[in-house]
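Work through the exercises below with the sequence and the coordinates side by side. Each task is followed by a solution that goes step by step.

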Amino acid sequence: WTDDTGNGKWATWKYTPVYTGTEIPNSIPENGLNYGRRVLINTAGNIAAVSNVRGEVTVYDKAGPALPWVERQTIIAPFISIAGLLDPTPDSYTGDVLAISVDGQWLATGTPRATNVASFYKGTYAPLTVYAVNDVVMNNGTAYQCTVAHTSGGSFDSSKWLKLPYIPVDPDGTNSTLTEQGVISIYRKDVNNIFTLVNTILSPEPQDDELFGSGLAFGDNTLFVSARSNSAGKVYQLDYKTTVEATASYNPVGSSGTTLKISSVSGQIREGMTIVGTGFTKGQVVFQVLDSSTIVLDSAPDSDPSGTFEFTLTRWQYSLSSYVPTEAGDLNYGLEMSISKDSSTLAVSANPGSVYIYRKTNGEYQLSTRLASLTLQYGSSLSISDSGEYVAIGNSKNNSNRGLVEIWKYVTDEYQLDQTIVSNAPAINNHFGSKVSFMNDYKTLVVLSNSGVGFSEVFDKYNQKSYIISAS
């Protein structure tokens, strides 16, 4: 080795493997299941999501780095979709796109090729109607799923229904007739480490071949959803925020315990809303709306109520912000997406070969630069370091499909090319750069060559020098 002053020294090398493999076996193996079709591990390395061609996503977690993975649950699609007049959309379309938030609290799945999306929604609850198990209805602004097949009576019998934490995918009662419109589902982790469905969402502008859900990326209380479509493409932004949906004044006459009498109601009060105001500091929630002047809460007030109350909902909502390509020739915008751990930087790729990089300024994402190449599918994979300082761009079709990866560094308010990496064993049709992923901020880069057999190479950066091959 050579010291800092250039003096040559003798050294003895001891080989110690850095990476060790761990298998996560399928607990219910089945021929043709393709378990492991998609694998996603969160930033902290303690949650893993594994999908198969049946449209299922199995979730695992672990309590510590040296502890084994524990299978926690298997998620199935909360909607149905039809490929033709009778045939279901292939289950393999579900779970094809996965995302987990940095804090591990949110999981999202994208099914961009879902067609004729439909839930089991049967409209607003009605008396003297035959309901089957799994049928979904709306009652007083809340969704319920039937648990016992029955013919409804004159009033709603809550013992036969399960209250759902989400609105059906078609709340107006009209199932979609669109082809490959796409759909996403969002889940939240509870205290038992179980992800529970929060919402199934369609595009705000659904259309044929939009491919909504092509890409997913969680930011800070933000979810970016790409719809790369077969034309220009678009990226939508959803924000997780609290909004005031209704207000009302306290009426002490008739109020007792969890029963609250109200007057001067503005807006619509619905089950599941949180009440905010004097006497309520523990997040009490509306359990039932009896009539326009009477509601039942899930727990009693903390102190004597008074004055005016607000009724709020905290949920995922579409932002006014959305993103489209600025160049007329760019198509399939949203082909790939990546976001930095600190949510400061977002990258979006488009065909035939461009990458848009956005930087967050005053709470809004502004276009910082557009990087372009003449190579088709430049930006076929993207990864951003924790702070957005480095962006890795895969170019798997470069040089007769040998592929390469470009590393761009943010210097003085602009991104500059820092290094170009090629495979340690380049070959035609290796497609080096099919997938890229930074680890340990930017210090380690993993690159997949999707050559049919497939192999990965690990590169490390030492002391701000160039990336060098560490493992293959």
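**Exercise 1: a salt bridge between two strands**

In this predicted model, the side chains of Lys461 and Asp418 form a salt bridge, with a distance of 3.5 Å from N to O. Determine where the two partners lie in the chain, and decide for Lys461 whether it is buried or exposed.

Solution. Begin with the elements: Lys461 belongs to strand β33 (residues 455–461), while Asp418 belongs to strand β30 (residues 414–421), and the pair links distant parts of the chain, 43 residues apart. Next, take the accessibility of each partner. Lys461 has a relative accessible area of 7% and is therefore buried, the cut-off for this class being under 20%. Asp418, at 36% relative accessibility, counts as partly exposed.

**Exercise 2: Arg72 and its partner**

Identify the residue whose side chain meets that of Arg72 in a salt bridge, and classify both residues by accessibility.

Solution. The partner is Asp61, and the N to O distance is 2.8 Å. Arg72 is found in strand β4 (residues 70–75) and Asp61 in strand β3 (residues 57–61), so that the pair links distant parts of the chain, 11 residues apart. Turning to accessibility, Arg72 is partly exposed at 31%, whereas Asp61 is buried, with a relative accessible area of 9%.

**Exercise 3: a strand and a loop**

Establish which parts of the chain are tied together by the salt bridge between Lys435 and Glu336.

Solution. The closest N and O atoms of Lys435 and Glu336 are 3.7 Å apart, which satisfies the criterion of within 4 Å. Because Lys435 lies in strand β31 (residues 432–439) and Glu336 is assigned to the loop between β22 and β23 (337–339), the salt bridge ties together parts that are 99 residues apart in sequence. Lys435 is partly exposed, with a relative accessible area of 45%, and Glu336 is also partly exposed, at 21%.

**Exercise 4: from pairs to the whole structure**

How many salt bridges does a search of the whole structure find, and which residues are linked with Arg54 in a network?

Solution. The search of the whole structure gives 13 salt bridges. Arg54 is linked with Glu30 and Glu56 in a network of salt bridges.

**Exercise 5: the surroundings of Thr312**

Locate Thr312, and list its contacts beyond four places in sequence.

Solution. Thr312 is placed in strand β22 (residues 308–323), and its relative accessibility of 7% means that Thr312 counts as buried. Once neighbours within four places in sequence are left aside, Thr312 is in contact with Thr242, Thr243, Val244, Glu245, Met273, Thr274 and Val276.

Key: Residues are numbered from 1 along each chain as its sequence is written. This is a predicted model: local features need pLDDT of at least 70, side-chain atom pairs count only at pLDDT 80 or more; totals for chains, interfaces and linings use all residues. Side-chain values use heavy atoms; hydrogens and water are left out. Helices (H or I, at least four residues) and strands (E, at least two) are DSSP runs, numbered from the N terminus. Buried means under 20% relative accessible area, exposed over 50%, partly exposed in between (1.4 Å probe, protein chains only). Contact means heavy atoms within 4.5 Å.
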